[in-house]
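Colleague: I'm new to this one and would like a close look at a single part of it. Could you walk me through the core and then the place where the ligand sits?

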Amino acid sequence: MSFRYYYADRIREKMPEFKGTDEELQKSIDDISLSYNSAIRELETRLGNISDDFDKQHSYMPIHHVQSRLKSFDSLMEKAFRYGIEDPINNLDTVKREILDIAGIRVVCNYEEDISTMSKLLLSQEDIEMIRVKDYCDKPKESGYRSLHVVVAVPVYLVNRKKMVPVEIQFQSIVMNAWASLEHELRYKNKGELSQEIVDTLKACAEDLHRIDEEMSRVRHEVLDDGNEYSEI
Ligand code: 0O2
C-alpha cells in the first residue's frame, strides 16, 4: 500500500486563502492523512484475512490484487469545488462530510462472480457500516466502465478515540480492471478529451471484454465441475 501525506507549506503555496496559521493547517491535514490512511490499512487487513480464510476453506483466493490510494489534495479540492463546496480549504469538515472517496481501495478479483462473494463477506462484518452502493457491473457507465463501488465506514482506533472513516471500495474483475486502467491512461494522456470515434471504440472493447469475462467464468465452472471441490458460498 502507498501512504500519502499532505504538507502545509505546499498547500499554502497553492491556496494562500487559508485563514489559519501553518500549524493549524498542518494539524487539520495531519488529521485527514492519519484517519484515512488508517482506514485503508484496516480494510486491507480485513480483506487479506477474508481472502486467506477463504483459501483455507475452499483452496481458492478470489482476490487477485488490491490497490489503494489517498486522494491527492489538489484533486480533493477540485472535487470539492465541483460539488459546490464554497471555500473548501477553510471548510475541511464539510469536505470530509461530502467527499466520500478521500480514501479509495480497488479490489481486483479473478472473476466477475468473485465480486459479489468478496463484497458480501466484507459487508457482513458487524462493525462495518454501508453508506452507498453504485453497481456499474449491472448498469455499466456510458463509457463502458464496469465495477461495483461500495462506500463503507470502517472503525479506526486511535490513541484515545474511535472514528468511523468512509472509504470507497471499487470491486472489479481482472478483465474490468484491465479495461479501466487502459482507458484511464488514454484519457489522462489526452487531458480528458477523446474523440467520439475513440470513445465508441473503447465502449465496444468494454462490451467484447465483458463477453470474454463471462466466457472465462463459464470455462472455470466447467473445470470446477470436473472434480474441483470448491463450490460457491
Ligand atoms: P481516481 O483517480 O480514481 O480517484 P464523480 O464522478 O467523481 O464526481 P463519484 O460518485 O465519485 O463522483 O463517481 P463514480 O463514477 O461513482 O466513481 C468515480 C471513480 O470511478 C473514478 O475516480 C474512477 O476511479 C472510476 N471511474 C468512473 N467512471 C470511469 C470511467 O469511465 N473510466 C475509468 N477508467 N474509470 C472510471 P476518479 O475520481 O475519476 O479518479
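**Around the core and the ligand**

Modeller: Let's start with Leu43, which touches Ile105, Leu122, Ile128, Val152, Val154, Val167 and Ile169, leaving out residues up to four places away in sequence. Keep in mind that this is a predicted model.

Leu43 belongs to the largest nonpolar core, a set of 46 residues. Along with Leu43, the residues with the most contacts inside that core are Tyr6, Phe73, Ile169 and Phe171. Helix α2, residues 22-58, gives the largest share of this core, nine residues. Apart from that core lies another one, of seven residues, and Tyr136, Trp179, Leu194 and Leu202 are among them.

Now for two of those core names, Tyr6 and Phe73, both of which are buried. A search of the whole structure turns up two aromatic pairs. In one pair, the ring centres of Tyr6 and Phe73 are 5.0 Å apart and their planes stand at 70°, so this pair counts as edge-to-face. Tyr6 sits in the segment before α1 (8-14), while Phe73 is in helix α3, so the pair ties together parts that are 67 residues apart in sequence. A ring also features elsewhere: Arg220 lies over the face of Tyr60, 4.5 Å from the ring centre.

Helix α3 also takes us to the ligand. This helix covers residues 73-82, and Lys79 is in it. With a relative accessibility of 12%, Lys79 counts as buried, because the cut-off for that is under 20%. A polar side-chain atom of Lys79 lies 2.9 Å from an oxygen atom of the ligand. Setting aside residues up to four places away in sequence, Lys79 touches Lys71, Ile99 and Asp101.

Two of those partners are worth following. Lys71 has a polar side-chain atom 3.5 Å from an oxygen atom of the ligand. Asp101 is found in the loop between α4 (92-98) and β2 (103-109), and at 8% relative accessibility Asp101 counts as buried too. Apart from neighbours within four places in sequence, Asp101 is in contact with Arg69, Lys71, Lys79 and Glu168. There is a link back to the core here as well: the C-alpha atoms of Asp101 and Ile169 are 8.5 Å apart, though 68 residues separate them along the chain, and Ile169 is one of the core residues with the most contacts.

What else is around the ligand? In total, 18 residues surround it, and the closest are Arg69, Arg82, Lys134, Lys141 and Ser143. Arg69 is thus a name you have met already, as a contact of Asp101. For Ser143, an N or O atom in its side chain is 2.6 Å from an oxygen atom of the ligand.

Finally, step back to the whole protein chain. It has seven helices and five strands, and read along the sequence they follow the pattern α-α-β-α-α-β-α-β-β-β-α-α. The C-alpha atoms fill a box of roughly 65 × 50 × 25 Å, taken along the principal axes. Of the 233 residues, 43% count as buried. Taking contacts between residues at least 6 apart in sequence, 66% join residues at least 24 apart. The Tyr6 and Phe73 pair, with its parts 67 residues apart, is one you can look up in the structure.

Methods
Residues numbered from 1 in each chain as written. Predicted model: local features only at pLDDT ≥ 70, side-chain atom pairs only at ≥ 80, totals over all residues. Heavy atoms only, no water. Helix = DSSP H or I, 4+ residues; strand = E, 2+ residues; numbered from the N terminus. Buried < 20%, exposed > 50% of the residue type's maximum accessible area, 1.4 Å probe, protein only. Contact = heavy atoms within 4.5 Å. Phe/Tyr/Trp six-rings, centres within 6.5 Å; stacked < 30°, edge-to-face > 60°. Lys NZ or Arg CZ within 6 Å of the ring centre and 35° of its normal. Core = buried A, V, L, I, M, F, W, Y, C linked by side-chain atoms within 4.5 Å. Near = heavy atom within 4 Å. Polar contact = N/O pair within 3.5 Å; in protein donor to acceptor, adjacent residues only side chain to side chain.
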